Amino acid sequence: MYPAGAGHGGAVGPEVDGVLLGGAEQAAEQMPESRQSPSAILLTMSARNRRLPRHRAWPLTTTDINECLDPYITRVTDLAFLTGHESGTIVLGAAWIAPHPRNYGRGIHPDMVGFRLDIHPVDATERAATRAVLRAQALPQLHEWITQAITADETWQLTNHQHYWRLTHGHLTHRDEA
């Protein structure tokens, strides 16, 4: 958000979670996501760049994710606020990206190994209720899932895993999926 009279050509940068960005923060916001560190990824979602229809909204913020995963946030390699219209009942997705063997050209870059989080959009009228459920139930479950993944045996860590939280009529369910 810009101060009155600043217009889009002013020297003031974009706003993220109520804080105006400038200098290095603004440059980090404009970097391609593939080159950003996890901490820079969490600063990239300014209100004017959301690209969601007015009737859709994300139920969680980067602040919610940071608070939930405080000691493990550095292990998140990708945080995505999805813009698709049809996520069904999925409101939150988490994935473990495992290192793949580097033979026959099937390698994965080491910077991609870690956790990927996807925040799915919901109807704007349901955002507040969905956010309350996710903060009370899903985020502690996400923290526990990541904690277990970090301490899992080598067999588990060498395989990709996905975990989804679904909200149907106010009832939250979650499970691992292939």
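**Strands, core and aromatic pairs**

The protein has 5 helices and 9 strands. The model is a predicted one. From the N terminus onward, the order of elements is β-β-α-α-β-α-β-β-β-β-α-α-β-β. The protein has 178 residues, and 37% of them count as buried. Its accessible surface comes to about 10500 Å², with 52% of that area belonging to carbon and sulfur atoms. Among contacts between residues at least 6 apart in sequence, 66% join residues at least 24 apart.

The interior comes next. The largest nonpolar core contains 30 residues, and Ile65, Leu69 and Leu142 are those with the most contacts inside it. Two or more residues each come from α3, β4, β5 (90-97), β6, α4 and β8. Helix α4 gives the largest share of this core, with 8 residues. Leu142 shows which parts of the chain meet here: leaving aside residues up to four places away in sequence, Leu142 touches Cys68, Leu69, Leu92, Ala94, Leu117 and Trp165.

A polar residue is also found out of reach of the surface probe for the most part: Asp118 has a relative accessibility of 12% and therefore counts as buried, the cut-off being under 20%. Asp118 belongs to strand β6. Its contacts, not counting residues up to four places away in sequence, are with Ala80, Leu82, Val91, Leu92 and Gly93. Leu92 thus appears in the contact list of Asp118 and in that of Leu142.

Now the aromatic residues. How many aromatic pairs does a search of the whole structure find? The search finds 5. A pair of aromatic rings is described by the distance of the centres and the angle of the planes. For Trp58 and Phe81, the ring centres are 5.3 Å apart and the planes stand at 70 degrees, so this pair is edge-to-face; the cut-off for that class is over 60 degrees. The two residues come from distant parts of the chain, 23 residues apart: Trp58 sits in the loop between β3 (56-57) and α3 (62-68), and Phe81 in strand β4 (residues 76-81). Trp58 is buried at a relative accessible area of 6%, and Phe81 is buried at 13%.

Another pair is made by Phe115 and Trp145. Their ring centres lie 6.0 Å apart with the planes at 70 degrees, so this pair too is edge-to-face. Phe115 is in strand β6 (residues 114-119) and Trp145 in helix α4 (residues 127-150), so that the pair links parts of the chain 30 residues apart. Phe115 and Trp145 are both buried. These two residues also belong to an aromatic cluster, which Trp96 and Trp156 complete.

The last two strands form a hairpin. Strand β8 (residues 161-168) and strand β9 (residues 171-177) pair in the antiparallel sense over 7 bridges. One of the positions is His163, whose bridge partner in β9 is Asp176. Between β8 and β9 there are 2 residues, and His169 in the turn has a positive phi of about 50 degrees. Strand β8 is also among the elements that give two or more residues to the largest nonpolar core.

Definitions and conventions: Residues numbered from 1 in each chain as written. Predicted model: local features only at pLDDT ≥ 70, side-chain atom pairs only at ≥ 80, totals over all residues. Heavy atoms only, no water. Phe/Tyr/Trp six-rings, centres within 6.5 Å; stacked < 30°, edge-to-face > 60°. Helix = DSSP H or I, 4+ residues; strand = E, 2+ residues; numbered from the N terminus. Buried < 20%, exposed > 50% of the residue type's maximum accessible area, 1.4 Å probe, protein only. Contact = heavy atoms within 4.5 Å. Areas by Shrake-Rupley, 256 points an atom, 1.4 Å probe, with all protein chains shown as cover. Pairing = 2+ DSSP bridges. Core = buried A, V, L, I, M, F, W, Y, C linked by side-chain atoms within 4.5 Å.
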